[in-house]
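The exercises below are to be worked with the sequence and the coordinates side by side. Each one opens with a task, and a stepwise solution follows.

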Amino acid sequence: MAQPQNSPLFANALARLRSHSPFLANLAERESDLLRDPKAALRDPLATARAFEGEMAEGRRLRIERRRLALLVALGDLSGCFDLTRVTSLLTAFADNALDRAIRAAILERTPDAEPRGFAAIALGKQGSCELNYSSDIDPILIFDPETLPCRPREAPEEAAVRIGRRVIELLQARDGDGYVMRVDLRLRPSPEVTPIALPVEAAISYYESQALPWERAAFIRARACAGDLALGESFLAAIRPFVWRRALDYGTIREIRDISRRIRDHHSKGQVFAPGYDLKRGRGGIREVEFFAQIHQLIHGGRDPALRAPATRDALAALAEAGRIDADEAAELSSAYTLFRTIEHRLQMVDDRQTHTLPANAETLDNVAALHGMESGAALIEMLRPHVERVGRTYDSLAGDEEPRLPSDADKLARRLSEAGFADVEGAQRVVEGWRGGGYPALRTTAAREALEAVLPGLIDAFAEAPDSRHALIRFDAMLSRLPSAINFFRLLEAQPGLARLMSAILSHAPTLAEQLSRRAELLDGLIDASALDPVADVPTLIREMSASERGADYQWQLEHVRRLVGEKRFALGAQIVAGVSDPLDVSAGYARVAEAAIEVLAAAAVGEFARVHGCVPDSELVILALGRMGGQALTHASDLDLVYVFTGDYSAESDGAKPLGAVTYYNRLGQRVTAALSVATAAGPLYEVDTRLRPSGGQGPLAVSLDAFRRYQREDAWTWEHMALTRARPVFGSPAAREAVSGIIREVLEGARPDRDLVADAAKMRDEMAAHKPAAGPLDAKLLDGGLVDLEFAVHVEQLLHRTGFDPQLGRAIDALIAAGLMVAEMRPAHDFLSRLLVTLRLVAPDAQPPGASTQALIARAVGLADWGAVVAQLDRTRQEVRACWAKIRARG
């Protein structure tokens, strides 16, 4: 708190409040003791307001405290000791305390011997965000727990709660010569015209989870348990948090907020024009539009970023700016305007303790408000406010936007519009658009769906026209629409985020794999609304925390759905990064692997926990999951499956300790099946990964899970050359650190020589020939299976590793570097690996059939692999294959 250094500041403030505020002048007379030492009184205004003597009822004591605090806050505000944050915090703290004391008094009056619990107030609006006005009412929702609420004998909890609620209101709103405490508005509760003033907590949760209106979601951005049984209030808010902060946003909510703003402008039209008589709260460019601006962005981004859920408007603006969701200068301007508007709003309310937000139309009355603020005239006050009002109005107008011009319905005009947009096949595009308008697809059969389509069509058509292959994009979008059961929210998303339409058209033009996914789950596009969606994917621990997040009442099935949804979104976003040209395919490949590793950790842990509920745990034993192949090497493609091996530690003859005990071997084999199902079985959220367990000891003929001792014995005594080659990329991805190290130690022993002496070169050459015969290249661009492709390079690397017992690293690129450093491989193999890997990762998305794609997609592939054009790609592929062929042939010649 800024402390004044001399009394003239207080003297000036007192002179203004006595001359220009009848309400404050009266308080100054009645509470003159507060003014003897203003500096001391303002050190702790809440304590000072309570410091008076006399025995009295709680209601009267609260009324006197309120008027004393009103004088102190006004003095601190007008003298410059308190900034807006301090003013609103003090007013809110008093409101919270008064409401809490009123609840306690109401309960104890009825049941003196009971603990006052089971009844809570949820603060909404400015009380919830700790931003109460000088003369605010409060808008709480009252809830109760029928199990714990104190009741009188033979009294139903519902009746008791209503009586307590009525008494609370009476204590706070009653007026007498001491004034009143505060006005209470309970109309923000669900269906206030038919519901009781206090709601059972479970009924309230059910309502908000299933029936609440869009504006109620926005209202709960600022919700806070403020009084009564705070634990009850907090548990209620935790239960409905997913209702407020949804990851996949219903853009109908955003439109509803904008519509509310338009309706406010229309309803209060007389206060819209900035001049004397302007409504500082509801007018264009006023307080409400700053609040709505922040809340709209919070609803869009807050479901995915908890840091953006700040209840207070200026805190929300700062958080949004820091996260890059809004422009920092724009946030600063809005925050500055909001501070000024709220300050002048307080001056309006200080005059007569009225809840008003309107600048007086009468010149003399406006001059009085200006003088209370310390200004010369009402005209000067108007001019001080004007640039801020105009700036806020422009900013909010740009967010709300005007209605887009609709696409013409007249056939000739529509054809002209499509031609002007740049469609080569105007007639074909017109047939598609007219088919949509005819409602031929299930997603377009309702009037609301077609209206949502019309709102987005102009931007959609322009995005398709700008696409590298507009015809392909349009056809794929049409196919996607034909499969969607509902599209209203999808259209609203595109309307609210026009840039997504352009990215979507690029995806539809280039990436049939992503287009197919989008046709099954249109909400995948929602994951791209954050700019961070095109950033490198987070590290594994961060992803694990995100995937492990739970909700109230979440069970094992919910966890499966949650992980599938997140993995689908992240894999889709990673693919979009390649289409958008913002990421190196090698980084995307590593990102795919991090996502998969986090999913394995979370789902395996969930499966272990679920399994243990029935069968218990095997003492001193645990499951370890070993990843091999591309998963072991941390370099997946969009289409990669997961090569996994299940190993368990401890005594294989032990038995689990659950209600239905199992021997260790049976236990872990069934658990392995459960883990495989958790990772692979499709649910309502879609499929996850294909899991391949054939690299386990004895392959498909062996048990799914083997003991650590059996794994060691098999690898040291019985494993074939191809199994040891696979082991070079093995990496534990689940299990305790000690268990992982135990498995890694065995792998090191085997690779460094504790294995049968075999003819490695001959075995590898034979296996490669058999692979070529049974699994030939899919097409001329198959960077993996073509001779001289990635498989030949992998064989060359693994043979050299096993022969020379060096260069072991699950990541193939680093293994190649080690072999080059040891003089065992030519330097050209590292760029060969990088080129082939980039090509493979990109082609899995844009040309999964390994056939040459269209010209526009050829340009995308060239960009992804860092070459100038398609001709350079083809030439580089030929050169690289020759180099890899020569490397592999040289190694084979030793056999």
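**Exercise 1: a helix pair**

Task: work out how H36 passes H37, and which residues make the contact.

Solution. H36 passes H37 in a right-handed crossing, where right-handed means that the near helix is turned clockwise from the far one by less than a right angle, and left-handed that it is turned anticlockwise. The contact, meaning heavy atoms within 4.5 Å, is made on the H36 side by Arg-838, Leu-839, Thr-842, Leu-843 and Val-846, and on the H37 side by Thr-857, Leu-860, Ile-861 and Ala-864. These residues divide into six nonpolar, two polar and one charged, where Ala, Val, Leu, Ile, Met, Phe, Trp, Tyr, Cys and Pro count as nonpolar, Asp, Glu, Lys and Arg as charged, and the others, Gly among them, as polar. As for the geometry, H36 covers residues 829-846 and H37 covers residues 855-864, and the two pack at an angle of about 150° with their axes 10 Å apart. H36 is therefore roughly antiparallel to H37, given that the term applies to angles over 145 degrees.

**Exercise 2: how far to trust the model**

Task: establish what kind of model this is and state its confidence.

Solution. This is a predicted model, in which local features need pLDDT of at least 70 and side-chain atom pairs count only at pLDDT 80 or more, while totals for chains, interfaces and linings use all residues. Residues are numbered from 1 along each chain as its sequence is written, and side-chain values use heavy atoms, with hydrogens and water left out. The mean pLDDT (the predictor's confidence in each residue, from 0 to 100) is 90 for the chain, and 95% of the residues reach 70 or more. Over residues 1-6, however, the pLDDT is below 50, and this stretch has twelve contacts in the model beyond near neighbours in sequence. Where pLDDT is low, the predicted coordinates should not be read in detail.

**Exercise 3: the chain as a whole**

Task: describe the secondary structure, the extent and the burial of the chain.

Solution. The chain has 38 helices and eleven strands, taken as DSSP runs (H or I of at least four residues for helices, E of at least two for strands) and numbered from the N terminus. Its C-alpha trace spans about 105 × 75 × 55 Å along the principal axes. Of the 895 residues, 56% count as buried, that is, under 20% relative accessible area with a 1.4 Å probe and protein chains only, whereas exposed means over 50% and partly exposed lies in between.

**Exercise 4: a residue in a loop**

Task: is Leu-407 buried or exposed, and what is it in contact with?

Solution. Leu-407 lies in the loop between helix H17 (378-400) and helix H18 (411-421). Its relative accessible area is 4%, so Leu-407 is buried. Leaving aside neighbours within four places in sequence, Leu-407 is in contact with residues including Leu-414, Val-433, Leu-457 and Ile-461.

**Exercise 5: positive phi**

Task: what is phi for Ser-191 and for Arg-805?

Solution. Most residues other than glycine have a negative phi. Ser-191, in the loop between strand E4 (183-184) and strand E5 (198-200), has a positive phi near 40°. Arg-805, in the loop between helix H34 (790-804) and helix H35 (812-821), has a positive phi of about 55°. Ser-191 is partly exposed at 28% relative accessibility, and Arg-805 is partly exposed at 48%.

Terms used. Axes are lines fitted to C-alpha atoms, for helices over the stretch in contact, and angles run from 0 to 180 degrees between N-to-C directions. Angles under 35 degrees count as roughly parallel, over 145 as roughly antiparallel, 65 to 115 as roughly perpendicular and the rest as oblique.
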